[in-house]
Structure formats: structure tokens, C-alpha cells
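User: Could you pick one part of this structure and go through it closely with me? I'm in my first year, and I'd like the terms spelled out along the way.

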Amino acid sequence: MPRLSVWFIRASLLYLAAGFTLGALMLANKGLRLEPFIWRLLPTHIEVLLVGWIVQLAMGVAYWILPRFQSSRGNTRAAWLAFVLLNCGVLLAVAAIVLDVPAGATLAGRLLQASAVAAFAVNAWPRVKPVGV
Ligand code: HEM
């Protein structure tokens with residue numbers, strides 16, 4: 001497995017642990033009515049699991065498994081950039097939710113995430129091709 005896939009997949013597993021913990025807390029709170037504040041974790045739960053876990057895992061596995069050119073995985077800088085942008089985007093969006101900062105920070109986080117997708121596409125697009133072409 002390439003080093004970048006290791007980083008993508010390990011990071012996604014950390015988000016999985018965090019997201020499930022938040023989900024479990026919310027579930028417990030539903031039954032036990034522990035603390036009203038816990039409901040405010042829902043947007044973080046969604047952000048961490050949908051982008052941090054699912055999107056990141058997909059990118060890590062795709063980078064590893066898409067067809068290569070001889071032994072090269074194409075534009076590796078673009079793929080590394082995608083990793084950095086995606087994680088900065090998730091962390092910024094989560095910080096914006098948790099710290100209750102102005103909406104601009106959430107937007108900036110989303111823009112970083114969208115840029116990560118674009119950077120990842122730069123790497124992946126030429127690699128998506130039929131066998132032997
Ligand atoms: C990949 C895994 C998961 C994803 C993508 C995910 C995503 C979501 C999303 C999108 C919502 C909002 C649903 C809505 O507003 O209608 C939600 C709500 C919730 N999730 Fe998760 N979730 C995941 C796993 C879990 C797990 C493992 C738990 C518990 C251990 C959990 C507990 C909850 C709870 C308690 C809510 C609030 C439900 C309510 O509104 O009553 N989630 N989740």
C-alpha cells in the first residue's frame with residue numbers, strides 16, 4: 001500500500017472513532033437525558049463521519065487501487081495536496097461548529113474540502129481508464 005493511502009486510511013479511522021463516540025453519546029443522551037448540550041454535537045458527528053471517515057476512506061483506497069501508468073500513480077503531488085486540504089477543511093469546519101465562530105469559517109472549511117476533491121480528481125481522472133488503453 002502506498003504511503004499516502006496509509007495516511008488517508010489511518011486518518012479516516014481516527015475520524016470513525018471520533019464520529020462513533022459522538023454518535024454513542026447522542027444516543028445515550030436520547031435515552032438517559034444526560035445534558036442538553038450533547039445535542040449540539042450532531043453537526044460535528046455528521047461532518048466527521050461523512051467527510052472525515054467516508055470521503056477520506058474512499059480517497060485512500062482509490063489512490064491505492066486505481067490503474068497505474070507502469071508503476072507510477074500519476075500526479076502524486078495533487079493527491080497529497082488533496083489529503084492536506086481535506087483534513088484542514090474538516091478540522092476548520094468542526095472548529096467553526098464547536099467554537100461557534102462566524103459562518104465564514106464554516107464556508108472556508110467547505111471550500112477547502114471542495115478544493116480537496118478537485119485536487120484528488122487531478123490525480124484520479126487520468127487513471128480511470130479501461131484495461132490496456
Ligand atoms: C458511518 C456512520 C454514520 C454516519 C455517516 C452517520 C450520519 C448521521 C447523520 C447524517 C445524522 C443526521 C440524521 C438526521 O438529521 O436525520 C445522524 C444522526 C445521528 N446519529 Fe449518526 N451516523 C453514523 C453512525 C452513527 C453511530 C455508530 C451512532 C451511535 C452509536 C450514531 C448516532 C446518531 C444519533 C443518536 C443521531 C441523532 C438521531 C436523531 O435525530 O434522533 N450514528 N448520523
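Analyst: A crossing is left-handed if the near helix is turned anticlockwise from the far one by less than a right angle, and right-handed if clockwise. With that in hand, take α1 and α3: α1 passes α3 in a left-handed crossing. Before going closer, note that this is a predicted model, where local features need pLDDT of at least 70 and side-chain atom pairs count only at pLDDT 80 or more, while totals for chains, interfaces and linings use all residues. Residue numbers start from 1 along each chain as its sequence is written.

Back to our pair. The axes of α1 and α3 (lines fitted to C-alpha atoms, over the stretch in contact, with angles from 0 to 180 degrees between N-to-C directions) are 10 Å apart and make an angle of about 20°. That makes α1 roughly parallel to α3 (under 35 degrees; over 145 is roughly antiparallel, 65 to 115 roughly perpendicular, the rest oblique). From α1 come Leu 4, Trp 7, Phe 8 and Ala 11, and they meet Ala 79, Trp 80, Phe 83 and Asn 87 of α3; contact asks for C-beta atoms, placed from the backbone, within 7 Å. Sorted by class, the residues of this α1–α3 contact are seven nonpolar, one polar and no charged. (Ala, Val, Leu, Ile, Met, Phe, Trp, Tyr, Cys and Pro are nonpolar, Asp, Glu, Lys and Arg charged, the others, Gly among them, polar.)

α3 also holds Ala 82. Ala 82 is buried, since 26 other C-beta atoms lie within 10 Å (20 or more is buried, 12 or fewer exposed, in between partly exposed). Leaving out neighbours within four places in sequence, Ala 82 touches Met 59, Ala 116, Ala 119 and Phe 120. Ala 114 sits 32 residues away from Ala 82 in sequence, yet their C-alpha atoms are 9.4 Å apart.

Now follow the chain to helix α4 (residues 103-124), where you'll find Ala 121. Ala 121 counts as partly exposed, because it has 13 C-beta neighbours inside 10 Å. Between Ala 121 and Leu 66 there are 12 Å from C-alpha to C-alpha, with 55 residues separating them in sequence.

α1 has another job in this picture: α1 and α2 each give at least two residues to the shell around the ligand. Among the residues there are Phe 20, Leu 27, Lys 30, His 45 and Trp 53, each with its C-beta atom within 6 Å of the ligand. That shell has nine nonpolar, two polar and one charged residues.

Leave α1 (3-32), and in the loop on the way to α2 (42-65) you meet Arg 33. Arg 33 isn't a glycine, but it has a positive phi of about 50°. Most residues other than glycine have a negative phi. Arg 33 is exposed, with 9 other C-beta atoms within 10 Å. Gln 70, in the loop between α2 and α3 (76-98), has a positive phi of about 55°, again without being a glycine. Gln 70 is exposed too, with 4 other C-beta atoms within 10 Å.

Finally, zoom out. The chain has four helices and zero strands, both being DSSP runs numbered from the N terminus (H or I, at least four residues; E, at least two). Its C-alpha atoms fill a box of roughly 60 × 30 × 20 Å along the principal axes. Of the 133 residues, 26% are buried. Take the contacts between residues at least 6 apart in sequence: 73% of them join residues at least 24 apart.

Methods: Contact = placed C-beta atoms within 7 Å.
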